[in-house]
Number of protein chains: 2
Amino acid sequence: MTDLDLVLKEHGLRKTTFRKELLSLFYDSNSSLTAEEVKNILGHTTDKVTIYRALDAFEKTGLIHRVPDKSNLTRYAICHSECSSIKHVHNHAHFICNSCNETFCINDIKIPHIEGAKGFLIKNAKLTLEGDCPQCQS
Amino acid sequence: MTDLDLVLKEHGLRKTTFRKELLSLFYDSNSSLTAEEVKNILGHTTDKVTIYRALDAFEKTGLIHRVPDKSNLTRYAICHSECSSIKHVHNHAHFICNSCNETFCINDIKIPHIEGAKGFLIKNAKLTLEGDCPQCQS
DNA sequence: TCTTTAACGCAACTCGGTTGCAAATATAAA
DNA sequence: TTTATATTTGCAACCGAGTTGCGTTAAAGA
């Protein structure tokens with residue numbers, strides 16, 4: 001039983017050929033993926049509905065998390081911390097490249113603590129950075 | 001010539017009945033608006049294409065700016081600072097209410113300066129807060 | 001008033017994502 | 001190993017936010 005099999009099992013998911021490939025994609029990616037990118041990478045054999053449902057399942061069980069996207073697409077990246085179906089725990093920043101439009105998780109940058117303002121009860125904070133990623137700086 | 005007329009003129013836009021109403025909506029709103037919300041507030045006489053194009057024009061000329069939205073809708077709020085067709089200048093935080101799903105501009109909270117990480121060139125930063133807005137705290 | 005150009009309205013379209021349902025398959029129990 | 005159950009998959013059809021083309025209307029400046 002490979003690592004991928006084990007991870008899927010631990011999260012209550014079945015180890016189908018497609019879901020193992022999908023999970024592998026996320027582990028190999030240094031940034032993040034959209035449903036369309038998944039489809040392009042894997043070839044077109046898998047129906048888009050299957051991709052969307054697998055992404056939903058992965059997110060619900062804490063394998064991947066949503067990251068911001070430049071074009072309002074739904075974009076996911078692997079979870080590194082102790083996420084589960086109960087709760088996602090992320091306090092890192094995200095970086096969107098103005099050139100390649102990719103979104104990267106920046107685990108080095110933690111979200112600073114923000115003091116509340118005039119009656120707003122802050123429960124969560126997200127920090128999104130924009131600029132040029134290492135690959136796009138000539 | 002009312003204030004609204006003057007503002008539209010200063011931004012190179014024509015003072016039609018609809019655009020005056022639209023601009024007035026944004027000045028009166030303490031949070032932000034989507035195209036659908038605009039349509040609902042104004043009644044159904046105005047075509048959705050007209051609303052979308054007016055919102056685009058308002059954004060391009062620096063009257064309104066895009067704010068994050070819980071459901072990936074395109075959502076706008078009035079610009080308070082010195083925005084123009086050349087450049088939008090915003091360094092305030094945005095607050096999304098988990099209950100009413102509205103997005104508020106929090107002008108009191110400025111974006112902290114973020115130090116770059118391992119090869120990423122940071123040109124802009126966005127801070128989005130989530131929680132309960134004043135109206136939704138019972 | 002005339003001319004130019006921005007704004008409007010309609011219809012049709014695009015595209016990311018969803019829903020219903022039946023068929024296939026992984027998993028656990030017998 | 002076989003059987004039963006629940007998950008996953010694929011197809012088709014659908015949904016809804018936003019866009020495009022184009023002809024018409026109406027501001028603004030001359």
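Student: In which order do the six strands of the open sheet stand, and what is the pairing?

Tutor: In general, the strands of a sheet pair through backbone hydrogen bonds, in either a parallel or an antiparallel manner. In this predicted model, the open sheet of six strands follows the order β5(A)-β4(A)-β6(A)-β6(B)-β4(B)-β5(B), and its pairing is mixed.

Student: Which strands stand at the edges of the sheet?

Tutor: The edges are formed by β5 (103-110) of chain A and β5 (103-110) of chain B; each has a single partner strand, so one side of each is left without a neighbour in the sheet. With direction ignored, neighbouring strands of this sheet are turned by 30 degrees against each other on average.

Student: How many bridges join strand β4 of chain A to strand β6 of chain A?

Tutor: Strand β4 (residues 92-97) of chain A and strand β6 (residues 121-132) of chain A run parallel and are joined by four bridges. As for individual residues, Phe95(A) has Leu129(A) in β6(A) as its bridge partner.

Student: Where is Ser99(A) placed, and is Ser99(A) buried, exposed or partly exposed?

Tutor: Ser99(A) belongs to the loop between β4 and β5 of chain A. The class follows from relative accessible area, with buried meaning under 20% and exposed over 50%. Ser99(A) has a value of 47%, so Ser99(A) is partly exposed. A separation along the chain may also be set beside a separation in space: Ser99(A) and Gln137(A) are 38 residues apart along the chain, and their C-alpha atoms are separated by 9.1 Å.

Student: How many aromatic pairs does a search of the whole structure find?

Tutor: Over all chains, the search finds four aromatic pairs. One of them is formed by Phe120(A) and Phe104(B), with 5.2 Å centre to centre and 65 degrees between the planes. Planes over 60 degrees apart count as edge-to-face, so this pair is edge-to-face. The pair crosses between chains: Phe120(A) lies in the loop between β5 and β6 of chain A, and Phe104(B) in strand β5 of chain B.

Student: Are Phe120(A) and Phe104(B) buried or exposed?

Tutor: Phe120(A) is buried, with 12% relative accessibility, and Phe104(B) is buried at a relative accessible area of 5%. Ring pairs also link Phe95(A), Phe104(A) and Phe120(B) into a cluster. Phe95(A) is thus met twice, as a member of this cluster and as the bridge partner of Leu129(A).

Student: Which residues come nearest to DNA strand C?

Tutor: A description of a DNA surface may begin with the residues around the strand. For DNA strand C there are 18, of which Arg14(A), Lys48(A), Thr74(A), Thr16(B) and Arg53(B) come nearest. Among the atoms of DNA strand C within 4 Å of the protein, sugar and phosphate account for 57%. By residue class, the surface near DNA strand C has six nonpolar, four polar and eight charged residues.

Student: Which element supplies the largest share of the surface near DNA strand C?

Tutor: The largest share, four residues, comes from α4(A). At least two residues each are supplied by α4 of chain A and by α2 (17-28) and α4 of chain B.

Student: Which polar side-chain atoms lie by a base oxygen or a phosphate oxygen of DNA strand C?

Tutor: A polar side-chain atom of Lys48(A) lies 2.7 Å from a base oxygen of DNA strand C. Phosphate oxygens are approached by polar side-chain atoms of Arg19(B), at 2.9 Å, and of Thr50(B), at 2.9 Å.

Student: How many residues surround DNA strand D, and which contacts involve a phosphate oxygen?

Tutor: DNA strand D is surrounded by 19 residues, the closest being Thr16(A), Thr50(A), Arg53(A), Lys48(B) and Thr74(B). Sugar and phosphate make up 54% of the atoms of DNA strand D that come within 4 Å of the protein. A side-chain N or O atom of Arg19(A) is 3.0 Å from a phosphate oxygen of DNA strand D, while for Lys15(B) a backbone N or O atom lies 3.4 Å from a phosphate oxygen. Lys48(B) has a polar side-chain atom 2.7 Å from a base oxygen of DNA strand D. The largest share of this surface, four residues, comes from α4(B).

Note on methods
Residues are numbered from 1 along each chain as its sequence is written. Chains are lettered from A and ligands numbered from 1 in the order in which they are written. This is a predicted model: local features need pLDDT of at least 70, side-chain atom pairs count only at pLDDT 80 or more; totals for chains, interfaces and linings use all residues. Side-chain values use heavy atoms; hydrogens and water are left out. A residue is near a molecule or strand if one of its heavy atoms lies within 4 Å of it. A polar contact is a pair of N or O atoms within 3.5 Å; within protein, one must be able to donate a hydrogen and the other to accept it, and residues adjacent in sequence count only if both atoms are side-chain atoms. Two strands pair if DSSP finds at least two bridges between them. Axes are lines fitted to C-alpha atoms, for helices over the stretch in contact, and angles run from 0 to 180 degrees between N-to-C directions. Buried means under 20% relative accessible area, exposed over 50%, partly exposed in between (1.4 Å probe, protein chains only). Ala, Val, Leu, Ile, Met, Phe, Trp, Tyr, Cys and Pro count as nonpolar, Asp, Glu, Lys and Arg as charged, and the others, Gly among them, as polar. Rings of Phe, Tyr and Trp (its six-membered ring) pair if their centres lie within 6.5 Å; planes under 30 degrees apart count as stacked, over 60 as edge-to-face and the rest as tilted.
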